[in-house]
Amino acid sequence: MPNGARGPSGAFTPDVTGRPVWRLLVRGIGVYMPGWSEPSGVFPVAVPHGRREFGAPPRDGFGGMPWDVPDAALPPGFGPPAFVAGESGFGLHLPERRKGLEPDREIYVRGQENPSFGIVIAGPASAVGSRVVDADGLVRFARKLTFEELFEPGDASSVPYAVRAARAVQNVVLLDRGSGVGLCAEADQRTGTARCPVFVRLGGPAERTVRAYALAPQAVSSHS
């Protein structure tokens, strides 16, 4: 990535803050966390050794060790339940999964002729229904919520619009206020590939701040 795209100290801030999902994150904070400050910074998290499996959820069940690098190599404040798994980006490894929960949600539309949809989900991450919440799982959950929100029972004409809107969800923000964590996911419109490029850590009620972590491009792993 050219040097001109980097933020202060090579933090690649513009590459993050210029994304639609970042704007969705800031908007979601304003809606669901009034009085809290915008993300206070972006910290690059590099994946060493050619993006080998790094920080992936433990295979021996919750409570295992999800890190394979020294704590000193991680940005301050970044840690469980968050992990990084190669190209799919950030994820959350939860102690439990729960179905049937109804988190708050707000849907946003960008564009007119070929609109894309974004959704902010505010509620427990366990509502996704999986102990490992990654980009693919979060986008699927977001599309399910979008369909349910736009579908009108008893009105068959609402089905095509709800289906199109669900398929057009490209940006997802999950804010788990109770656990103090959040994920930001993107879905590529052309390939459908999902990725979570940003993880957020929410401060307590007394601090009322949001700290953001972004994946550093592989070529600049030395900046971690």
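Arg105 is buried, with a relative accessible area of 15% (buried means under 20% relative accessible area, exposed over 50%, partly exposed in between, with a 1.4 Å probe and protein chains only). The model is predicted: local features need pLDDT of at least 70, side-chain atom pairs count only at pLDDT 80 or more, and totals for chains, interfaces and linings use all residues. Residues are numbered from 1 along each chain as its sequence is written, and side-chain values use heavy atoms, with hydrogens and water left out.

**Salt bridges**

A salt bridge is a side-chain nitrogen of Lys or Arg within 4 Å of a carboxyl oxygen of Asp or Glu. By this rule the count comes to six salt bridges. The table gives some of them.

| Pair | Closest N to O distance |
|---|---|
| Arg105 and Glu149 | 3.2 Å |
| Arg19 and Glu186 | 2.8 Å |
| Arg19 and Asp15 | 3.7 Å |

The salt bridge between Glu149 and Arg105 ties together parts that are 44 residues apart in sequence, because Glu149 lies in helix α4 (residues 135-150) and Arg105 in strand β4 (residues 104-110). Helices (H or I, at least four residues) and strands (E, at least two) are DSSP runs, numbered from the N terminus. Glu149 is partly exposed, at 40% relative accessible area.

Salt bridges that share partners join Asp15, Arg19 and Glu186 into one network. Within this network, Arg19 forms a salt bridge with Glu186. Arg19 lies in the loop between α1 (13-17) and α2 (20-32) and Glu186 in strand β8 (residues 181-187), so this pair ties together parts that are 167 residues apart in sequence. Glu186 is buried, with a relative accessible area of 15%, whereas Asp15 is partly exposed at 27% relative accessibility.

**Asp176**

What is the nearest side chain of opposite charge to the buried Asp176, which has no salt bridge? That side chain is Arg177, 7.0 Å away. For charge, Lys and Arg count as positive and Asp and Glu as negative, while His and the chain ends are not counted.

Asp176 belongs to strand β7 (residues 169-176). A polar atom of the Asp176 side chain lies 2.8 Å from the backbone nitrogen of Ala125. The backbone nitrogen of Gly178 is 3.3 Å from a polar atom of the same side chain, that of Asp176. Leaving aside neighbours within four places in sequence, Asp176 is in contact (heavy atoms within 4.5 Å) with Gly123, Pro124, Ala125, Val181 and Leu202. Ala125 thus appears both in this contact list and as the owner of a backbone nitrogen 2.8 Å from the Asp176 side chain.

Conventions. A polar contact is a pair of N or O atoms within 3.5 Å; within protein, one must be able to donate a hydrogen and the other to accept it, and residues adjacent in sequence count only if both atoms are side-chain atoms.
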